[in-house]
Amino acid sequence: MSITSAQARDRASWKQAAARAQPRIETRLYIDGEYVDALDGGRFATVNPADGEVIAEMAAGTSKDVDRAVAAARRAFKSGAWAKMAPRARMAVLYRFADLIDEHAEELAVLETLDMGKPIADVVNVDLPAVCETLRYFAECIDKVEGSVTSTASNIMHFVLREPVGVVAAITPWNYPLLMATWKIAPALAAGNSVVLKPAEQAPMSCLRLAALFVEAGGPPGVLNVVNGDGEVAGQALARHMDVAKVSFTGSTEVGKLMLQYAGLSNMKRVALECGGKSPHIVTKECGDLDAAAMAVAWGVFYNQGEVCNAGSRLLVHEAVKDELLEKVVAVAGRIQPGDPLDPKTRMGAIVDETQLGRVLGYIESGKSEGAGLHLGGARVREDTGGYYVEPTIFDAVSNDMTIAREEIFGPVLSALSFSELDEAIAVANDTIYGLSAGIWTDDVNVAHRAARAIKAGIVWVNTFDAGDISSPFGGFKQSGFGRDKSIHALDKFTDLKAIWIALRD
Ligand code: NAD
């Protein structure tokens with residue numbers, strides 16, 4: 001069933017949907033078109049962050065399962081059943097895949113919310129439409145992205161083709177399980193590759209369901225496989241596999257660096273990395289709409305419990321407007337209080353697991369002990385539910401050498417710093433190992449242009465934040481990674497250029 005808005009139903013109705021989905025949760029791996037147990041029979045518990053209860057015991061894939069999945073993907077690729085399928089037929093499968101996701105929206109949405117703790121409203125109203133849009137966008141590209149014929153001498157026919165690379169490993173994080181997976185799967189499949197997806201072990205349930213829908217849509221078995229398992233075990237085996245041609249990774253910078261090592265130690269596979277961030281959100285004194293800026297600052301760091309790679313976690317605000325802006329941000333934050341993720345009115349859910357909860361609370365403690373001023377929040381809340389909730393938290397009087405200004409927290413914590421000159425703000429904005437995104441609020445077009453060019457980041461928003469479109473490339477500079485998801489450019493990662501020369505006889 002297709003759902004257009006989570007709010008079309010009440011909390012009781014979503015609770016019933018979760019109760020319906022729970023007994024049918026698929027816990028096995030998906031390899032070569034069927035669900036299979038892990039060869040070693042290992043399992044691990046996945047916990048509902050909303051109440052701390054175990055939801056299911058998931059199969060834990062090991063290198064043996066990775067071998068099996070890569071072999072299936074390679075067989076499928078070599079058979080040409082997908083890679084050589086007529087472009088418009090491949091396109092039809094991806095469209096049908098998107099339609100099936102739409103039809104299974106209820107089930108996928110509750111799986112995502114149960115597993116990851118994000119508000120059902122965000123999954124239904126934002127993530128699932130974006131998943132379908134991504135698939136449809138790359139489906140449309142299939143017969144529109146062309147090779148080229150170049151201007152060589154008249155006795156030479158020279159043309160450049162784009163070929164699929166072969167078996168693609170997609171290793172993804174838990175913060176947007178379905179969407180991060182689709183940002184990789186959609187262009188990889190559109191280009192004709194086979195895929196082995198390793199979702200994050202914290203939230204694998206929705207991706208396991210997704211793979212079967214691809215086959216139901218007419219995708220050949222073996223073209224899309226999912227091996228759930230521990231990162232260091234299944235993830236490492238996949239990234240080091242000699243028959244994997246490309247690894248497309250989204251996750252932490254720390255693990256991203258391991259991907260480069262794995263590639264070097266194995267077959268020099270191509271690597272694309274979407275990693276962490278510590279995005280600066282600059283509000284200048286020329287900002288003409290402090291209400292809009294405050295709204296963007298608050299949602300820019302508290303949305304998805306702050307578990308967003310491009311979260312605007314560093315607020316750099318001009319000293320002349322700082323107090324007024326912070327007051328407005330606090331007012332917006334008051335409306336983003338943690339609640340039951342299955343309640344469609346909830347705007348902030350639970351932190352993904354106990355480990356991440358501990359990490360976020362640890363950063364809050366470090367902010368306090370290093371001398372930042374706790375301006376709002378700072379505590380775990382709703383503890384009686386057994387779930388992992390943290391209230392929106394703002395630190396004031398932060399300096400850029402404090403841990404909370406330098407490290408990615410991946411939780412609902414805003415660090416506010418003030419500045420007096422634009423150059424100082426730009427210098428602080430760039431004083432980070434990351435370079436994923438940045439925002440700037442100003443009514444002065446000169447300031448906007450100067451800052452947008454000076455900030456080293458893959459995305460710069462002016463007078464908005466976290467705006468996105470499938471046509472816009474997403475990815476970072478510096479240690480936020482390289483390669484881009486979304487947009488036509490994403491196809492570059494999943495194809496190799498082949499130059500063909502044909503010498504013509506006179
Ligand atoms: P993570 O790096 O811990 O894990 C990501 C994936 O890598 C998971 O599937 C995990 O199992 C796997 N993995 C972990 N250790 C591994 C190893 N040794 N070898 C191989 N695979 C391994 O990240 P996470 O905690 O799941 O996600 C949070 C991080 O993801 C944050 O840093 C966030 O900024 C980043 N992220 C970035 C983007 C982006 O587009 N730039 C988007 C979403 C999340």
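Start by selecting α9, the helix that gives the most to the lining of the largest pocket, with six residues. Before you go further, keep in mind that this is a predicted model.

**Stop 1: the largest pocket**

With α9 (253-265) still selected, add α8 (231-239), β10 (246-250) and α12 (354-369); these are the elements that each give two or more residues to the lining of the largest pocket. The space you are looking into amounts to about 1,100 Å³.

Which residues lie nearest the centre of this pocket? Select G251, S252, E254, V255 and R359 to see them. They belong to a lining of 42 residues. If you colour that lining by class, you should find 18 nonpolar, 14 polar and ten charged residues.

**Stop 2: the second largest pocket**

Now clear the selection and pick V126, Y176, Y303, D466 and G468. These are the residues closest to the centre of the second largest pocket, out of the 34 that line it. About 650 Å³ of space lies here.

Next, show α5 (120-141), α6 (177-190), α10 (290-302) and β21 (459-462), each of which supplies at least two residues of this lining. Which element gives the most? It is α5, with eight residues. Colouring by class again, the lining of the second largest pocket divides into 19 nonpolar, eight polar and seven charged residues.

**Stop 3: α5 beside α6**

Keep α5 and α6 on screen and hide the rest. Their axes are 9 Å apart, and the two helices pack at an angle of about 10°. An angle under 35 degrees counts as roughly parallel, so that is how α5 and α6 are described.

To see where they touch, show the side chains of D127, L128, A130, V131, T134, L135 and F138 on α5, then L178, L179, T182, W183, A186, P187 and A190 on α6. By class, this contact has eleven nonpolar residues, two polar ones and one charged one.

**Stop 4: α10 across α11**

You met α10 as one of the contributors to the second largest pocket. Bring it back, together with helix α11 (residues 322-333). Are these two helices parallel or oblique to each other? The axes come within 8 Å and cross at roughly 55°, and α10 and α11 are therefore oblique. Turn the view until one helix lies in front of the other: the crossing is right-handed.

For the contact itself, select L290, D291, A293, A294, M295, V297, A298, W299 and F302 in α10, which meet E324, L325, K328, V329, V332 and A333 in α11. This contact has twelve nonpolar and three charged residues, with no polar ones.

**Stop 5: α14 and α15**

For the last stop, select helix α14 (residues 422-430) and helix α15 (residues 445-454). At what angle do their axes cross? The answer is roughly 25°, and the axes come within 10 Å. That makes α14 and α15 roughly parallel to each other, and their crossing is right-handed.

Show L422, D423, I426 and N430 on α14 with V447, R450, A451 and A454 on α15 to see the residues that make the contact. Sorted by class, they are five nonpolar, one polar and two charged.

Methods:
Residues are numbered from 1 along each chain as its sequence is written. This is a predicted model: local features need pLDDT of at least 70, side-chain atom pairs count only at pLDDT 80 or more; totals for chains, interfaces and linings use all residues. Side-chain values use heavy atoms; hydrogens and water are left out. Axes are lines fitted to C-alpha atoms, for helices over the stretch in contact, and angles run from 0 to 180 degrees between N-to-C directions. Helices (H or I, at least four residues) and strands (E, at least two) are DSSP runs, numbered from the N terminus. Angles under 35 degrees count as roughly parallel, over 145 as roughly antiparallel, 65 to 115 as roughly perpendicular and the rest as oblique. A crossing is left-handed if the near helix is turned anticlockwise from the far one by less than a right angle, and right-handed if clockwise. Contact means heavy atoms within 4.5 Å. Ala, Val, Leu, Ile, Met, Phe, Trp, Tyr, Cys and Pro count as nonpolar, Asp, Glu, Lys and Arg as charged, and the others, Gly among them, as polar. On a 1 Å grid over the protein atoms alone, a cavity is a set of points where a 1.4 Å probe fits but cannot get out, and a pocket is an open set with protein on both sides within 12 Å along at least five of seven lines; lining residues have an atom within 4 Å of a point. Grid points are joined across faces, edges and corners, and a volume is the space filled by probe spheres set on the points.
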